[in-house]
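Me: Please take a close look at one part of the structure shown here, and then set it in its surroundings. I would like a connected account rather than a list.

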Amino acid sequence: MKKEEVQSRRKVLPKSPTDIQGLDEITGGGLPKGRPTLVCGGPGCGKTLFAMEFLVRGATEFNEPGVFISFEETEEELTANVASLGFDLDSLRKRKKIWLEHIHVERSEVEQSGEYDLEGLFIRIHEAIESIGAKRIVLDTLESLFSGLPNPLILRSELRRLLHWLKKKGVTTVVTAERGDGTLTRQGLEEYVSDCVILLDHRVTDESSIRRLRIVKYRGSTHGTNEYPFLIDEDGFSVLPVTSLGLNYSSSRERISSGIPRLDTMLSGKGYFRGSTVLVSGTAGTGKTSMAAQFVEAACKRGERVLFFTFEESPSQLIRNMRSIGISLEPWEKRGLLQFQATRPTHYGLETHLTTSIKMINKLKPSVVILDPINAFVLGDNQTEVKTMLLRLVDFLKMKGITAFFTSLTSAGDTMENTDVYISSLIDTWLLLRDIEIGGERDRGLYVLKSRGMEHSNQIREFRLTNRGIDLLDVYVGAEGVLTGSARLSQETKDDAEQLLHKQNIERKQFELERKREAMEAQIVMLRSEFEAEESEALKVIEIEKTRNERFAQDKSKMAKSRKADANTKTTGTK
Amino acid sequence: MKIKHEKSKARRSKTSDGSGHRRLVERRKRAVKSGSDKWILRLYVAGQTNKAVTALNNLKLICEEQLKDRYHIEVIDLLKNPKLARDNQILAVPTLVRKLPLPVRNIIGDLSDKERVLVGLDLIERSALLGKQ
């Protein structure tokens, strides 16, 4: 995929790969083939080395012999200087892969009378190129000619002619030049070398040095425009691009346990994603390192290799401390599954840290990498640098599919979500440990701030360090708020008591009610019997009255009969 | 033996002040007059260019005037002998090299500025140029 990319760009502009780590990525394949490139920078920024590595790599990796024209150092000096980087110039010279030529210029020895040209130099370069069939050439430092030869006007036009001539020859040229005051080069060489200009910089901030590389221009090609930190170490030059890595790594769906079963449950039951980046942040003493250790133990138990970068504790101290919470790391270290790398963050510059880390990772090929803590790097106001460094590290780890576990110390005054290094955007799973102070004691709470790509719990858990490792408990959530520790326990007891009381109350009420109901029913019975008694009494009276009335009527008609009354009709009405 | 002596003197004179240089020039003039020195001059050129031809003509004129019968000019064409450019550290052409008498002197250019040639060959004092510079 990478090759295709390079090739598709080659159609646009042929390029000469440098094989310098990282440079080909930001230049899209290397330096312009058959054209001159200007490398400029202040003293000691690595121009000569850059140029030399370009030649040596060309000769060894791409079978392109190269000529090194040195205006400053002699052949012997050069050979000795780059031997420390593992370049064996003597052998390369013997095999006709590299041609070194020292051109000696000293003004005091030269008088000028009338016009001259640099045909002598042309002849020498031509000879050198022809003798080994060179495809690449370095002129280091071309501007020395200005101090060695009189009449800058002639020199300028001659240098212009030289570069044209080299271009016509089709050799890929690297010209180095010292950086001028406010200009890229002292003599304005950038006017002649217009195809590609690379600026090297070496600056010291907060007592640590940072080397940077920037592509000022690259005619006819897209290129990375940022300042890229670079390193010079025993393996030569390496540029560490941030953006070139892109975001095209594949993501694993595999899940791995955090070593804490309850935490796995919180992360939809399965733990972290393999190859993801986990951050645990919290104030001092909240158990960040313990969480890391728990994760390490889990990984080692699975038989995976772990690289543990510790920046504040020594490995033995760490092992001792972890033993107190029942995590034993020593056996894993002995079996070679766990390797510690303890360095003070101030020991190197950030770039060196990054590169040594990357080298270690490449060597050990771990499945899990721990950085404890990441904000140890923050010194003064270098947060941006730290962020870029971590960004590059995270990118690198993701490309390799390595699970990264970072811890970060937040200062007590800050809001919890504010990590010191502002790397939240890089983090896939972010766990927050926080102090909870209730009732004169300090407890730890854990919650998942975010976890990309999984359904995770939104609950706060009480985080306890026991002598059998880390334990997560449910916290008390009630009307009184969130409670942990003894407060949780006492609240729970209080709750129990209250509940009992409630229960008794209800029972009592129910009993009372029952009694009332019974009383009421008894009354009803009594009233009913009273009523019934009255009713029968009343019916009796009514019966008596009725019979009395009938009898009275009978008596009356009997009487009328007896009196022979004629008003018969009148009396029938009463009947 | 004598040459060696002069060489060491000349070295000293180079690093010391103008008076040493003046003494050297005086001695050179005397030596020229007495005819005890043989001058060996080498002119490096790259092909028969205009500059090369001009330089050789100018050199011949100066030598005839200053060093009659006491000089020898070698013309080296670097196109024919490219290795000599490396061996003798030649960059610019034409370059005139005074091989003898020692110390070795280099003058670059087509030698059209006669006074500068004379200074370069230690035939006149540098102070003579001051007005011109």
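Reply: Strand S20 (residues 429-438) and strand S21 (residues 441-451) of chain A pair in the antiparallel sense over 10 bridges, where strands count as paired if DSSP finds at least two bridges between them. Strands and helices here are DSSP runs numbered from the N terminus, with at least two residues of type E for a strand and at least four of type H or I for a helix. The model is predicted, so that local features need pLDDT of at least 70 and side-chain atom pairs count only at pLDDT 80 or more, while totals for chains, interfaces and linings use all residues. Residues are numbered from 1 along each chain as its sequence is written, and chains are lettered from A and ligands numbered from 1 in the order in which they are written.

Within this pair, Leu431(A) has Val448(A) of S21(A) as its bridge partner. The hairpin of S20(A) and S21(A) has 2 residues between the strands, and Gly439(A) takes a positive phi near 55 degrees there. S21(A) also pairs with strand S22 (residues 461-466) of chain A, again in the antiparallel sense but over 3 bridges, and in this second pairing Gly445(A) stands opposite Glu462(A) of S22(A).

These strands belong to an open sheet of 9 strands in chain A, with mixed pairing and the order S17-S16-S18-S19-S15-S20-S21-S22-S23. At its edges lie strand S17 (338-342) and strand S23 (469-474) of chain A, each of which pairs on one side only. Neighbouring strands of the sheet are turned by 25 degrees against each other on average, direction ignored; such angles are taken between axes, which are lines fitted to C-alpha atoms (for helices over the stretch in contact), and run from 0 to 180 degrees between N-to-C directions.

Parallel pairing is found in the sheet as well, since strand S16 (residues 306-310) and strand S18 (residues 368-372) of chain A pair in that sense over 5 bridges, with Phe309(A) opposite Leu371(A) in S18(A). Helix H13 (residues 350-364) of chain A packs on the sheet and touches S16, S17 and S18 of chain A, its direction making about 160 degrees with that of S16(A); a contact requires two C-beta atoms, placed from the backbone, to lie within 7 Å.

Where S18(A) ends, a cis peptide bond joins Asp372(A) and Pro373(A), with omega about -15 degrees, and Pro373(A) lies in the loop between S18 and helix H14 (383-400) of chain A. Most peptide bonds are trans, and most residues other than glycine have a negative phi.

Helix H10 (residues 288-301) of chain A has 14 residues and reaches 20 Å from its first C-alpha to its last, close to the 20 Å expected, a span defined as 1.5 Å times one less than the number of residues. Of these 14 residues, 13 are buried, so that H10(A) is mostly covered; buried means that 20 or more other C-beta atoms, placed from the backbone, lie within 10 Å of a residue's own, whereas 12 or fewer make it exposed and values in between partly exposed. Just after H10(A), Gly303(A) takes a positive phi of about 85 degrees.

The largest nonpolar core has 95 residues, and among its members Leu55(A), Phe68(A), Ile98(A), Ile137(A) and Val138(A) touch the most others. Such a core is a set of buried Ala, Val, Leu, Ile, Met, Phe, Trp, Tyr and Cys residues joined through C-beta atoms within 7 Å. Helix H3 (residues 47-61) of chain A gives the most to it, with 8 residues. A second, separate core of 60 residues includes Cys300(A), Leu307(A), Val369(A) and Leu371(A), and Leu371(A) is the residue opposite Phe309(A) described above.

As for the wider setting, chain A has 16 helices and 25 strands, and 42% of its 575 residues count as buried. Residues 24 or more positions apart account for 69% of the contacts in chain A with a separation of 6 or more.
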